[in-house]
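I opened the notebook to record what I looked up in this structure. The entries follow in the order I made them.

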Amino acid sequence: MSENIRGKVVVITGASSGLGEAAARLLAKEGAKLVLGARRLDRLQALAGELSLGKDAILATDVTDVGQVRRLVDHAVKVHGRVDVIINNAGLMPHSPLERGKVEDWDRMIDVNIKGVLYGIAAALPHMKAQKSGHIINVSSVAGHKVGPGGAVYAATKHAVRIISEGLRQEVKPYNIRTTIISPGAVATELPDSVTEPDVAEGVRALYDRVAIPADSFARTVVFAMSQPDEVDINEILFRPTAQEY
């Protein structure tokens, strides 16, 4: 099935660690041509060196800046002549009860988790429409399907990703573009480190320590969705650790 991945030009945001890094590692092994974006350029440089990707494979990118996201996608097109897949992966999860009024955290989640996805769509879609092909993969969460105490704003942003993706799916049919939402449960990444409230962070880390599964579980779902024949559109994947109740 990896024959449908080899040679594809894949842009990944939030690629310096966690889900994005895991996807980059597996897709590189499958023969994809990668262009990786993240804020931490040093981490991208180390990953590109390890995977023998070359200097054109990375670009410092803050997904809250639409210009930087456009530059990332345009760079991929400039280097490779096209963009086949974009994985809008960058995300934050600073949980807190609403009564604490963590407005700055709310703003950051909205800017990264919602606007970052929209900016990725806006950057990739014109190229994919012109090509009459492409695949947009947006990362949601189990929290995009259900909400728990302390997670209201995060769940709202991840539900928004699902709603945006479904609207996109319906709109891009004339252009032969596929769309996939991937909603992971607890996966071992740096996501718990984005929780700013110490007591909440303690609970989140306890959950992750107990049940989290490796990030390559996410990478395999990406490969599954991408590997399908062009006429097969895997629209949504929801997965959890077997031990996760939430």
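Entry 1. Which residue in β2 is the bridge partner of T13? I looked it up in the model, which is a predicted one, and found G37.

Entry 2. I then turned to the strands around this bridge. Strand β1 covers residues 9-13 and strand β2 covers residues 33-38. I noted five bridges between them, in the parallel sense.

Entry 3. Next I traced the whole sheet. I found an open sheet of seven strands, with parallel pairing. I wrote the order down as β3-β2-β1-β4-β5-β6-β7. The edge strands are β3, residues 58-60, and β7, residues 236-239. Each of these two pairs on one side only. For the turn between neighbouring strands of this sheet I noted 15 degrees on average, with direction ignored.

Entry 4. I looked for helices on the sheet. Helix α2, residues 41-51, packs on it and touches β2 and β3. The direction of α2 makes about 175 degrees with that of β3. Helix α3, residues 66-80, also packs on the sheet. I listed its contacts as β1, β2, β3 and β4, the last being residues 85-88. The direction of α3 makes about 160 degrees with that of β2.

Entry 5. I picked one residue elsewhere, A201, and found it in helix α6, residues 198-211. Is A201 buried or exposed? I put A201 down as buried because its relative accessible area is 3%, and the cut-off for buried is under 20%.

Entry 6. Last, I checked A201 against V73. They are 128 residues apart along the chain, and their C-alpha atoms are separated by 34 Å.

Terms used: Residues numbered from 1 in each chain as written. Predicted model: local features only at pLDDT ≥ 70, side-chain atom pairs only at ≥ 80, totals over all residues. Heavy atoms only, no water. Pairing = 2+ DSSP bridges. Helix = DSSP H or I, 4+ residues; strand = E, 2+ residues; numbered from the N terminus. Axes fitted to C-alpha atoms, helices over the stretch in contact; angles between N-to-C directions. Contact = heavy atoms within 4.5 Å. Buried < 20%, exposed > 50% of the residue type's maximum accessible area, 1.4 Å probe, protein only.
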